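Thanks for sharing this one with me. Here are my comments, set out as numbered points so that you can follow them with the model open.

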Amino acid sequence: MKDRKKKMIAPIIITIAILLYLTLYLVFLLPAIKFIPAIILFAAPLLALGIAMIYVLKSRINEIRSGEEDDLSNY
């Protein structure tokens, strides 16, 4: 049980770091752009990446909880 919690720490920290980076990127980029379609062009992929990161984190936590830490050995 304790070993599983240790394995969850790295994915959580990496996800938080990447989400902070994406947020800071948006915060500093969007005010510099005055053209509305360009804002959408830059913001939409970054928001999609953030959502994808959260989804991948949830699936990784579910894998760790179910005991499938090394799923590459199945192939």
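1. Let me begin with the salt bridge. Please keep in mind throughout that this is a predicted model. The glutamate here, E63, has a relative accessibility of 23%, so it counts as partly exposed, being above the 20% limit for buried and below the 50% limit for exposed. Its partner is R60, and the closest N and O atoms of the two are 3.1 Å apart. R60 is partly exposed as well, at 25% relative accessibility. Both residues belong to helix α2, three residues apart, or about one turn of the helix. In an α-helix there are 3.6 residues a turn, so residues three or four places apart point the same way. The count for the model comes to one salt bridge.

2. Now the overall picture. The protein chain has two helices and zero strands. Of its 75 residues, 19% count as buried. Among contacts with a separation of 6 or more, 63% join residues 24 or more positions apart. The chain exposes about 6000 Å², and carbon and sulfur atoms supply 73% of that area.

3. How well does the length of α2 agree with what its 31 residues should span? At 1.5 Å a residue the expected span is 45 Å, and the end C-alpha atoms are 45 Å apart, so the two agree.

4. Which residues of α2 are buried? They are A38, A43, L46, G50, L57, I61 and I64. These buried residues pack against α1.

5. From the other side, T15 is worth a look. This threonine sits in helix α1, which covers residues 2-29. T15 has a relative accessible area of 6%, under the 20% limit, and is therefore buried. Leaving aside residues up to four places away in sequence, T15 touches M53 and L57. L57 is one of the buried residues of α2.

6. The surface has a nonpolar patch that you may like to display. I12, I16 and L20 form this patch, with about 260 Å² of accessible area together. I12 lies in helix α1. With 31% relative accessibility, I12 counts as partly exposed.

7. A search of the whole structure finds one aromatic pair. The pair is Y21 with Y25, and it is stacked, with 6.3 Å centre to centre and 25 degrees between the planes. Both tyrosines lie in helix α1, four residues apart, which is about one turn of the helix. Are these two side chains buried, partly exposed or exposed? Y21 is exposed, because its relative accessible area of 54% is over the 50% limit. Y25, at 36%, is partly exposed.

8. Finally, please look at the end of α2. Helix α2 covers residues 36-66, and G67 lies in the segment after it. G67 has a positive phi, near 90 degrees. Its relative accessible area is 36%, so G67 is partly exposed. G67 and R4 are 63 residues apart in sequence, and their C-alpha atoms are 8.3 Å apart in space.

Methods: Residues numbered from 1 in each chain as written. Predicted model: local features only at pLDDT ≥ 70, side-chain atom pairs only at ≥ 80, totals over all residues. Heavy atoms only, no water. Buried < 20%, exposed > 50% of the residue type's maximum accessible area, 1.4 Å probe, protein only. Salt bridge = Lys/Arg side-chain N within 4 Å of Asp/Glu carboxyl O. Contact = heavy atoms within 4.5 Å. Areas by Shrake-Rupley, 256 points an atom, 1.4 Å probe, with all protein chains shown as cover. Patch = residues over 30% accessible without salt bridge, like charges linked within 9 Å, V, L, I, M, F, W, Y side chains within 5 Å. Expected span 1.5 Å × (residues − 1). Phe/Tyr/Trp six-rings, centres within 6.5 Å; stacked < 30°, edge-to-face > 60°.
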